[in-house]
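This report looks at two parts of one protein model, a helix pair and a strand with its neighbours. Please keep the sequence and the structure in view while reading.

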Amino acid sequence: MQRIDRETVQRILDAADIVEVVSDFVHLKRRGANYIGLCPFHNERTPSFSVSKSKGICKCFSCGKGGSPINFLMELEQLSYYEALKYLAKKYNIEIKERELSEAERQAENDRESMLAVNDFAMQHFEHNLRDTDDGRNIALAYLRERGLSQAMIDRFHLGYSAEKRDDLYSTAISKGFTEKYLVDTGLCYRTDRGTVTDRFRGRVIFPVLSVSGKVVAFGGRTMRTSKDVAKYVNSPESIIYSKSRELYGLYQAKQSIVRNDRCILVEGYMDVISMHQSGVENVVASSGTSLTEGQIRLIHRFTENVTVIYDSDAAGIKASLRGIDLLLAEGLNVRVVLFPEGEDPDSYARSHSSAELEQYLADNEQDFISFKTDILLQGTSSDPIQKAKAIQSIVRSISVIPDQITRNVYLSECARKLSISEKVLVLQVQKNIAENLEKQANDQKRHQGEADIADLVDTTPDTPTTATPATAPRPEADGVAFRMEYLRPYEEELLRYIVKYGLAYLCDYADASGNITSRINVTQYILEELADDEITIANPDYRLLFDAAVAMASADHSQRVDAERTRLRGIIDTRLADDLAMLRAEATDIAAAERRESELRQQAEQELDTRLDDYQAGYLGHTLMSDPDATIRRLSTDFLTTRHQLSKVHTKYSPLPTERDRLPELVPLAVYNLKNAIVELRIRQLKEKIQQAWENGDHEAYKEYFVNLQQLNQLKRELCKYLGERILTRPQRR
């Protein structure tokens, strides 16, 4: 299978800016935190196509089309998934090479997904420890309360507690079916010299690190001990899912606020981020104690061009961190700096001041980087010309990395005025620095190219030969397997169609032995449980691939997604309702009639919200699977969601007929039992052949055993007939 390696795909997706991609085809205008324009998928005069930079999605609220940059390109330009990837790679100058995915790379894909799964389990386990254990409540939760954190912030950042027990997480994870390999590979556990496996974060408050898409990639742990021999903070080691130079703590929670405020506030630690969020300043992220990296800066640049860096009053720490400002400037960001009073940091200041006071302090004390860096570097240099010259050179080097020439010139003028030095001298020095930087970049590029060429010459070891399969070799599957797959295909197709179209739609209630309703069952859950009860697997490989993907997606927690969609729909419906009510009140002549009409409009709005949310949830699986990287899943999902026929309006004008969605409680069980009946028919056919062979071979014992089995299958078929009636005689039509 031809694939683009996952790392390259991730680079493409990270680089793709939804606003930039859509702007190539649609003229967009800023409206609040989002952008809006005329929908490219249908003709319209009033803009209804909304683009959210923070969420990385676009959506037409009229025709409903849109999605991620990949989905947008696939729909608009009729591209395949990988063609859309190639388009974006070309746009962002990312080199890609298509090739056959090796066994090692397939294993790496599996390892990545397994590590993300074990991290997600660990986060839930740590949250449980904090919330539901005595030590968690008495030690960790008490500490967090002492630091002034509310329950809302604890929940929002998924804070937790790792028990003091040596293998609390390890033993729990193993009992849940996770393997030791991934517990160690993620850094959640480690193997000691004595061969035992130990939890890395035991006895610590846990701060999960989420990627920009919300996946748990790492953890930080603060010790609850007072001993100086114990490290205050322990962090996850780097792995195939976590690179600390590419992650920012709090970005997942802050990205919408960053876009809304068009500014990112950069602090140092976990508690700085959480305390400022609690104070109402939510566009805050942290580099988590590491020096700011180019990868982190590019991550910020996806959401805004404006950055405010916050420092405490530690002068030595500030000077050590000034390199980060140069990296921000080199990326083309507009940098402001805030210095907190002596003895204060973002955490302590946010806890001791109100939200309004914090915001006012930030607004009043922001400085441009020239003023800030000048004040810091020139301290104590008034009587030392050499040190003053070095400080000026450092400031000029910072100006030299700014990519925009106009911005550079403005800063040069400000620097010359502030330092009482000739602007012409500064311009010459900047030009010299730029030339040196370009030369260095060229030399680095040549060196890297030379190293790559040498590696190509040295790496001449041929691939390990494999034993070729003769062209005349028989196929591994017997004719009976092929017949079984073809026979069951229409029945499996019918089941998959219901899953793709209505996978998360409510189907029925689950009742226990006493008749008490314990849970609500959706279409996918019902089909999965029915098949599992009889140990039935999907026979056709392509359908099995789609089935497994749908089940995995349906098993995830969709509560946040549903809540977000409810909020979005509520905003749309409430806005329209407000307009309708305003018009009604302006035109009302009869107060009583107006009140009745207002009540009707409110009721209609609530019904519309429930209906649209229900429709969104029911069709979520299908619409998501249509964007899956796997071509088979994408093709089958698209086929199942495509309506080839539409009932004439003549049939529904006077007496609306029940829709397929209305009939799901009848149709889905019917499809399940049709498949079961087809499997029974196949087993009866196979048994009859075995009975014939046993009779011809004179094997009376086998004959008797097969005959008993045949009687049991015939009894099972009669029971199915009671449910299916004559409908078992008709095979589902191929669609």
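In this predicted model, helix H16 meets helix H18 through Phe369, Ile370, Ser371, Thr374 and Asp375, and the residues facing them in H18 are Tyr411, Glu414, Cys415, Lys418 and Leu419. Sorted by class, the contact between H16 and H18 is made up of 5 nonpolar, 2 polar and 3 charged residues.

Two packed helices are described by the angle between their axes and the distance between the axes. For H16, which spans residues 369–377, and H18, which spans residues 405–419, the axes come within 10 Å and cross at roughly 35 degrees, and the crossing is right-handed.

The second part concerns strand S16, formed by residues 306–311, which is mostly covered, with 6 of its 6 residues buried. Asn306, Thr308 and Ile310 point one way from the strand, whereas Val307, Val309 and Tyr311 point the other way, and all of these residues are buried.

The strands that pair with S16 are set out below.

| Strand paired with S16 | Sense | Bridges |
|---|---|---|
| S14 (residues 264–267) | parallel | 3 bridges |
| S17 (residues 334–339) | parallel | 6 bridges |

Which residue of S16 is the bridge partner of Ile265? That partner is Thr308, and Thr308 also stands opposite Arg336 in S17. Thr308 can therefore be followed in the structure as a residue that is under 20% relative accessible area, the cut-off for being buried, and that points the same way from S16 as Asn306 and Ile310.

Conventions
Residues numbered from 1 in each chain as written. Predicted model: local features only at pLDDT ≥ 70, side-chain atom pairs only at ≥ 80, totals over all residues. Heavy atoms only, no water. Buried < 20%, exposed > 50% of the residue type's maximum accessible area, 1.4 Å probe, protein only. Helix = DSSP H or I, 4+ residues; strand = E, 2+ residues; numbered from the N terminus. Pairing = 2+ DSSP bridges. Axes fitted to C-alpha atoms, helices over the stretch in contact; angles between N-to-C directions. Left-handed = near helix turned anticlockwise from the far one by under 90°. Contact = heavy atoms within 4.5 Å. Nonpolar A, V, L, I, M, F, W, Y, C, P; charged D, E, K, R; others polar.
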